[in-house]
Amino acid sequence: MKELLMGNEAVALGALAAGVSVVSGYPGTPSTEVIETVAKRNDGSVYVEWSVNEKAALEVAAGASYAGARSMVTMKQVGLNVASDPLMCVNYIGVKGGMIVYVADDPGPISSQTEQDTRHFAKYAKIPVFDCSSPEEAYELVGKAFDFSEKYETPVILRSTTRVCHSCASIEVSESFKPKPAEGFIKDGKWVIFPRLSYLNKIKLEKRETELKDVFSSFTLNEIKGKGKIGIACGGICFSYVADAIAGNEDKFTIFKVATPYPFPERLAEKFISRVDKIIVFEELDPVIEDSLIYLLGKKGMSFEIRGKRTGDVPCAGELSAKIIGDILSEKYGTMTVFENSSFSSRYNSGSVSNLGSDLQSNSNSNSNSNSNSNFNFNSDSKADLHSSFPPKPPARPPVLCAGCPHRASFYAVKKAMAGKKAVFCGDIGCYTLGNAAPLNMVDTCLCMGAGITVAQGIGRADDSSVNFAFVGDSTFFASGMTGIVNAIYNKSNMVLVVLDNSTTAMTGHQPHPGMGITVMGDVTQAVDIEKILRAMGAEFVRTANPFDYETAVAVIKEAADKKGFRAVIFKAPCAAIVKSKKSLFVKKNDCIGCLKCIRELGCPALSVKDGKAMIDRDLCVGCGLCSRICPKKCIGEEAIDE
Amino acid sequence: MNNCLLCGVGGQGTVLASRIIASAFMEKGLFARTAETIGMAQRGGSVVSHVRVGKTVPSPMIPPGKADLIIAFEPSEAVRNLSFLRKDGTVVLCDRPIYAVMSSLSGEKYDARESVAYIKSTIERCYAISGDEVERTFGFMKVLNVVLLGASAGSGALGLTRAELEAAVVKKVKPEFLEMNKRALAFGFESIGG
C-alpha cells in the first residue's frame, strides 16, 4: 500500500518490516517520530520504550541484540554524545541480532545546540554508517542495514538529517511485519570487554574496514550517474538538491552519490574520479566525503583538485539548498542560471526555513529580524502607502513560549523574587530555553542536557556572591539532572534548583517520561516522584508550588534564595498544550491605560498592542490569568465588555 | 500545480493542510513530497510547508521562484515568502493578521492591510479570504486551513476538483469534525467564486 510517510515514520515501518523486536530511544528533534510510529503501528509484538536517556536506550538495544533480537535505538545527534560511552565499547564487542543506531543530524542547526556530524562519530567508532537521501530510501536502507549488521556482527549507524526525517514522500510499504525470533542470551566470553579481547577485536575492526570499503563499492545505493565531465560528489539530502539544481542540464554532470560515508567506497570513488575533469562536493555539516576523496587521492599519489568546503566554495555551516548549489555551479562552471529570480526579490527570506533556527540565537534582540536582508533599506517611519511597490516589512516572529505556558509564570516569579539581587540563572535544554528571550531574559547559560545544574555549582565556586539558580525540566531531570544534584549535595554547593515540572516532554511533542506513570504504549506504570527523589538524595529544602499562584511562587523563591546549601523548588503545572484551555480573557478597553506592563513584562504571544492598548488574541489565549494578575488597573477579565 | 507553498504562524494548521493536498494528489496516482516546520522552530514562529507533486519529484523543498501557488494563512507571511512564487503564480491568503508579541515589544508597526494591498497590487492572481467572515461563520479560526484549501481549489490553481479535495479531507480529519470541515471547504470554495 502507498502511504505518505515522514522520513522518521519510514524508518519505523522499515524496521518493523525487517523484523525488529526491541526499539528504544530518547526524544530529540528531529528523531522523535520513529519511536512514536513504532508504538502506534505495532500490535504489541514489538517491544518499544522511551528510555530515560540515550545511554540507557543504547544499552537496552545492545542487550537485546546480544540475545539475538533485531534491535534499534533512536536519538538526535547530540544524544549520541550521551550514548557514546556504550557505543565506543559495543563496537569492539559486536552484536548478534542486527542492531541499528538511528541518529538524526540537524544541519542549520534548526533545533539543536550544534551542527555535529554523526558520520565522524561512525568513523571514530569504526562502525559502518548508512546515510539516507530521502524517506523512501530510508525505508529501504533499514532492512539492508540490519542485514549488514548481522552479517558483520557489528552495530551499524543509520543516519539522516532534518529534511529527510521531517519530509514526507509517497512510499510503498509492506502490510505485514513479524519480529524475528530471538534465541536468547548464550553465555560466552566474547561478551565481556577485557584488554586482551579488545586488542584482538581491534585487529578485526581494522580488517573489516578494509573489507567493507570494497563491499560498499558495489553496494547498490552508492552510485555513479551521468556522463558529464563535471563531477559532483554528494550524499544525503544534498543528492536531491543537486537533482533539482541541475534539472535540464544533466548531461554536463556526473553524480557520485555516497550512501555509505564510512567505510568509504574507494574503488567506486576511483572510477568516478577517472570519468570527470573536475570535482565539487556538496554535503551538509562537515566535509566528510570531501576529506575521504582527498585522502584517497593522496593515498594513490594522484593530483586532482577537489572543490568544496575546504576550498571555501561551499558554505561551511548551515543548510544547503537547490538554490545555493545551483548558484555555486553557475558561478564556478558558468553552466546555467538555475533559479532565475522571480519578479519578487528575496528580501525577507533566503529560501530556507532554517532562518527560524537562527532566530533562536537572535531572539534576545527583539529588534532584529533575521529574515530580513540587510541590503534593503526599509524606512519604518515612512507614511504607510497602501499601494507601495516596496513590500511592507513582515514582523519578526522568533519562536516564543506558548500562551499560557507555566514556564513563563515560573520565570516571572523568580525574576520578581530576585529583583535587585545578584543572581545567575542557568538554563537547560527544553522549551524553557526560550525563557532567554525578551522580556523575561531569564536564561544566562545553556549548554547541554542537565548542565545547568552543574554549571551553577561551578559559577558558585568561582564567585559566591550571587544566588545561583539552575532551571531544569522534568524530562531533563530524569535524563541527566540527577547526577548533578547528587554532586551538589555531596559537595555542599550553594544553589537553588528550580524544577519546571510540566508533566511531559514538551519541546519534542509531549512524550511520556518516568515521572508520569505511563509508558510509550500507554500502559500505566509506577510514576517516579521528583520530590521524593530529591529528599532521598538528601535535599533538606524542597518546596513544591504552582507557578500560577503568583504570590506563593514568589514567596517560595525568596525563602529559598535566603537559605544556604542545596535548595530545590518544584514548580508544578501542566504544559499549556496538553490541558484543555480555560476561557480566553479580554482586555476592558475603556479601563486599559495603555501602560502595556503585561506585554513588556510577560511577552505572551496572545498579547499585542492595538491603538495603544493591550489586546488579547482569543484564539491563542488559554486563560492562564498571569496577565490579569499583574495588570495594575485590573482590566483583564473573563467578560468581553466592549469588544 | 506541481509546487505549493503553505505559510503561516505555528499552530495555524499548515501541516495538516499540506498532508491533505499531498494525499489528494497521491489518489490521482502522482508522487508527492512535503516538508514542514516541526519542533522548536514552530513555537509561535513563522512556519512553511512545501508540497511538491508530479511523476517524479527530486527534493522536498521548493526552490525560490518555483511555487505555482502560495497559500498564506497570514498576510505578512505571504509577503515574507513571496520570493518562492513563480511568474504568474497564484496567491490565496487570509487577510487576518497575527500580531507578533516580539514586534509589539520593539515598537515595530505591522499593518496587515499594507501586506494585503502590496500583494494585490503585485500579484495578478491573488484571492483574499476574510478572516473576520470565517470567524463570524464558524465561531473560531481553527477551520482556516480547510477554508483556504477550498478557496485554492475554487481558484483553479490547486489542480484539484472540489470532490477530489473533499475526499482527501474526509480521510485526514477526525470524524467528529468532519461536517464542520466540509462546510469550511464549501465556504472557501464558494467565497472566491469557484
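Here's a walk through this predicted model, from the overall build of chain A down to one sheet, and then over to a helix in chain B.

Let's start with the big picture of chain A. Its secondary structure adds up to 21 helices and 22 strands. The radius of gyration comes out at 27 Å, close to the 26 Å that the globule rule gives for 643 residues, so chain A is as compact as a globular protein of that length. If you lay the C-alpha trace along its principal axes, it spans about 75 × 70 × 55 Å. Of the 643 residues in chain A, 53% are buried. The contacts also reach across the sequence: take those between residues at least 6 apart, and 77% of them join residues at least 24 apart.

Next, how is the chain carved up? Chain A is divided into domain 1 (2-193), domain 2 (223-333), domain 3 (406-572) and domain 4 (586-637). For a sense of the spacing, the C-alpha centres of domain 2 and domain 3 of chain A are 47 Å apart.

Now zoom in on a sheet in chain A. Six strands make up an open sheet, and reading across it you get β3-β2-β4-β5-β7-β6, with parallel pairing. The edges belong to β3 (47-50) and β6 (129-131) of chain A; each has a single partner strand, so one side of each is left without a neighbour in the sheet. Ignoring direction, neighbouring strands of this sheet are turned by 20 degrees against each other on average.

Look at the β3 end for a moment. Strand β2 (residues 22-25) of chain A is joined to β3(A) by four bridges, and the two run parallel. One residue pair to pick out there is A:G25, whose bridge partner in β3(A) is A:W50. Then there's helix α7 (residues 135-152) of chain A, which packs on the sheet and touches β5 (99-105), β6 and β7 (156-161) of chain A. The direction of α7 makes about 165 degrees with that of β7(A).

Finally, hop over to chain B and find helix α6 (residues 144-155). This helix has twelve residues and reaches 16 Å from its first C-alpha to its last, close to the 16 Å expected at 1.5 Å a residue. Is α6(B) covered or exposed? Mostly covered: twelve of its twelve residues are buried. Among them are B:L144, B:V147, B:L148 and B:A151, along with B:N145 and B:S155. Just after α6(B) comes B:G156, which has a positive phi, near 85 degrees.

Key. Residues are numbered from 1 along each chain as its sequence is written. Chains are lettered from A and ligands numbered from 1 in the order in which they are written. This is a predicted model: local features need pLDDT of at least 70, side-chain atom pairs count only at pLDDT 80 or more; totals for chains, interfaces and linings use all residues. Two strands pair if DSSP finds at least two bridges between them. Axes are lines fitted to C-alpha atoms, for helices over the stretch in contact, and angles run from 0 to 180 degrees between N-to-C directions. Two residues are in contact if their C-beta atoms, placed from the backbone, lie within 7 Å. Domain bounds come from an automatic or database domain assignment. The radius of gyration is taken over C-alpha atoms; the globule rule is 2.2 Å times the number of residues to the power 0.38. A residue is buried if 20 or more other C-beta atoms lie within 10 Å of its own, exposed if 12 or fewer, and partly exposed in between; C-beta atoms are placed from the backbone. The expected span of a helix is 1.5 Å times one less than its number of residues.
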